[in-house]
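The exercises below concern domains, their contact and the overall dimensions of one chain. Each task is followed by a worked solution.

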Amino acid sequence: MTDMNNHVVVIGAGHNGLVCAAYLARAGRQVTVLEAAEQPGGAAITREFAPGFKVSAAAHLLYMLDENVRKELSLDTAGLSFSQQDMKTTALAEDGNHLVMSKDAVQGANISSEDQAAMKEYRRLMGRFARLLHRMNNRIPPRVGSGNRDDTIGLAKTALAIRMLGRKDMREFLRMAGINMYDILQEYFDNPLLKGALSMEGVLGAKLGPRSNNSVFCALHRMSGMQGTALPAGGMGTVSDALASAAQKLGVKIRTSAAVTKVLLQGDRVGGVELQDGERITAGTVVSSADPKTTFLNLVGAKNLEAGFVRKIHNYRSFGNAAKLHLALQGPPEFKALNQSQLGDRLLIAPDMDYVERAFNHVKYGEHSAQPVLEITIPSLYDDSLAPAGQHVLSAVVQYAPYQLKSDWHNGKPVFTGQVIDTLAKYAPGIRDQILHCELLTPVDIEKEFRISGGHWHHGELALDQFMMLRPVPRAAQYASPLNGLFMCGAGSHPGGGVMGSAGRNAARAILALESSEGQQP
Amino acid sequence: MNRISGNKTVGVIDYSSKDHYRTKVFPSPFYSRQEPLNHLKEWGRWADYLSPRAYTSADMEYFACRNACAVFDLTPMTKYRISGADALAYLNRLVTRDVEKIKPGRVGYTVWCADDGRVVDDGTIFHLRENRYRLCSQERHLDWLLTNAMGFDVAVEDETHEVAALALQGPTSCAVLKKMGLGDIESMKPFDIRFFDLENTGLMISRTGFTGDLGYELWIEPQYAELLWDRLFEAGRLYGIQPMGDEALAMLRVEAGFIQANHEFLNANATVRSSHTRSPFELGLGWLVHFDKPNFNGRKALLEEKQRGHRYNLVKLDINGNKPATDSYVFTTGKKFAGTVTSATWSPSAKASIALATLKAPHGRPGEEFLVEIYYQKELKWSRVMARARVVEGVFFDPPRRRQTPPADF
């Protein structure tokens, strides 16, 4: 057993790359993580965007972190802590009659007792379905039609889990999983603000409107983390720092400012990687946490893959539609009729489902929304480290902002930023005068900063046709790839995006299982 | 023209000059010469073109090809122009054989597969000059070829309508071309390509064909098609030259043991069930699979198949009696189902009823005997015969003149 064979290179120190590296190191492998940026974290980082103001640069809320990862890698002792947990969601109304949703109650906005009762049933049902997905999140997806015993058992387990919902709920699951939030929410509720807010759960980060099929699935996926919404102390960078330190403690070597430009091949298997400066690092196993298009089309190269596979990767839907807004504010923003304690909630601007759908309409024609939807947090309310005393940062996910804008983002960005601020000002009239600095990251910016092809924060749309044994595409959906020795561990693999770490953990298990069955490794 | 360069598609298919939405089927550029010779007025269809099924009698055309020479219109065959700095790398990823071994001025027969190692089509690669190839096949593959172009610096263009082509096949074919004044034609070896001048027009000739006989294929711009036809028939007048249609060619190719799409195999990209597609090994084309190339479509699946063994064997059957075994079932002598006949004909040269058949592996050893179930009709009365058949090695008709250089003069 040579060192080269035991050496594993992980491309990218995003959360999944770090998780995968940590598990492989724990199993005795010699692991080097190569990160192009100056610090580890990928799209889960805290960075300064204006002098004195720091923000979670991409993902800004933690609601899916895999509890196995947290426990097994002892992240709490490695520095993970929260400034806020089980956050409430407040859906803003232009007239100030807001709706507040907590874990088990919904109040405000003249909500009827019927809607409150319906909310109980909706949460029970969606909760059951989310738990079903939750169990699948931690499994290596079975292959269909392989004839392999483990795959057959995996498929049977999945089918059984669905059947175990019971006849009534199973039928509802099979009916709902593929359809759209609009229809489901119309069945359950009357209150427009409630429906608007809930519909947003199904479209966040996706190229979907409330009326698009797959939006229920998207909402379930968000819920499948089974964690309350939380703000890490010090921003998302804290999660990555904890992961990096846990990995290092297990012997992982992390090299930053080391951009991989090529996966090197030896015949039909990988032999290592090449860095931007031409340095070559040999490794018998290469694990990529980069998105599928970057991994296969840029790093490996279409020439080194079979054409049918290249076509599938090329057709994988991975153009982002969410932008990220960062505001440095000279004081706490004042939203109409929102008290100080509510200001720290997760705030939504999605007044009704038609508003969200209209915002989405633009995307179909390569335009950005004229009246966008927003998911807002003001993390500095809980965290002094993010802004100078008395001043604040506002972080918001803004939709819709298509990667492929019909005009171009150079001209489109100032227009869109103006429209986003206009929308905010409808709810917080004085906010314009409080802005010290403003940063808007379009999917094109996200692509550039975080090296995600298409700038999709989930490394590709989360939909039934790009999930489980279909994510990213068949033949690469079990963390292995068509090239021997090359594996995938990022959000482009099952169970997809959201700061979870499950893909990294599953990938490590798949790699170790495959290699022990091949007898290649001790 | 549909063109892909790297990841960029340049332009769109331009059918404006073809009027295809009105006519749907084009007359060949040789139509004005074919039409008066086609006494039967039986036109078949080959892709976008009218193609004579037979001009006078398929049998007579067959004998012209085996004993003198026959002219077959190849224009409808799908032709792709593949050019650019990555043309060789592109083809090497596309097809199973090592294209590097096909030098400029040479032609190579090959198959190409989908990722699952099942055959998409077979055809010929013409290496015209450095970084410039022509890929010929029976079926259409532009979508697949453009898919394959992703990531390569290569242009893929359908040039089917831009090249008129005739096959001149048979023992006197070389003599006819010599008579036409094409100097040194006799020094061409099988699979050679040469460029000639025909009355100030470029004429390309390759020593290739689909008959298993001595023969050539002649390639010219469509506006000179009639000129080529006229000069060929003038030169061939004393050499027994005859036009030949699809039916005669079908007999010739089975004698030569050549497989054909939609008979021996289906395009894997257009077939729903994987049990209905075939690998190169299952078509007896394992010799075309070069695993020493690090990557080509189907490599991984074919390596696995090589270890695991394949499902079918394509064999040549010599069948008792004189009834062509078209579409017949093949049984073991113990009357167990063993496979089906995919192409069958009476072979006038071998004086035997012959067939290509797909048998379930491990059936198909040379000399192995089977029963072929043949239904035939005599004066409206149907009869059935279980004819004895034997697997033969080698092709049914393989004259030395096929390879002989220089060919015999007449």
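Domain bounds, as used here, are taken from an automatic or database domain assignment. The model is predicted.

**Exercise 1.** State which domains chain B has and how far apart their C-alpha centres lie.

Solution. Start with the assignment: domain 1 of chain B covers 20–77 + 162–255, and domain 2 covers 311–398. Next, take the C-alpha centres of domain 1 and domain 2 of chain B; they are 31 Å apart.

**Exercise 2.** Describe the contact between domain 1 and domain 2 of chain B, given that residues are in contact if their C-beta atoms, placed from the backbone, lie within 7 Å.

Solution. Count the residues on each side: domain 1 of chain B gives eight residues and domain 2 of chain B gives 12 residues. Then assign the domain 1 side to elements: α3 (58–67) and α8 (246–256) of chain B supply at least two residues each. The largest share of that side, four residues, belongs to α8(B). Finally, sort the domain 1 side that touches domain 2 of chain B by class: five residues are nonpolar, one is polar and two are charged.

**Exercise 3.** Characterise the fold of chain B as a whole: is the chain as compact as a globular protein of its length?

Solution. List the secondary structure of chain B: nine helices and 21 strands. The radius of gyration of chain B is 22 Å, close to the 22 Å from the globule rule for 410 residues, so chain B is as compact as a globular protein of that length. Along the principal axes, the C-alpha atoms of chain B fill a box of roughly 65 × 55 × 45 Å. As to burial, 48% of the 410 residues of chain B count as buried.

Terms used. Residues are numbered from 1 along each chain as its sequence is written. Chains are lettered from A and ligands numbered from 1 in the order in which they are written. This is a predicted model: local features need pLDDT of at least 70, side-chain atom pairs count only at pLDDT 80 or more; totals for chains, interfaces and linings use all residues. Two residues are in contact if their C-beta atoms, placed from the backbone, lie within 7 Å. Ala, Val, Leu, Ile, Met, Phe, Trp, Tyr, Cys and Pro count as nonpolar, Asp, Glu, Lys and Arg as charged, and the others, Gly among them, as polar. The radius of gyration is taken over C-alpha atoms; the globule rule is 2.2 Å times the number of residues to the power 0.38. A residue is buried if 20 or more other C-beta atoms lie within 10 Å of its own, exposed if 12 or fewer, and partly exposed in between; C-beta atoms are placed from the backbone.
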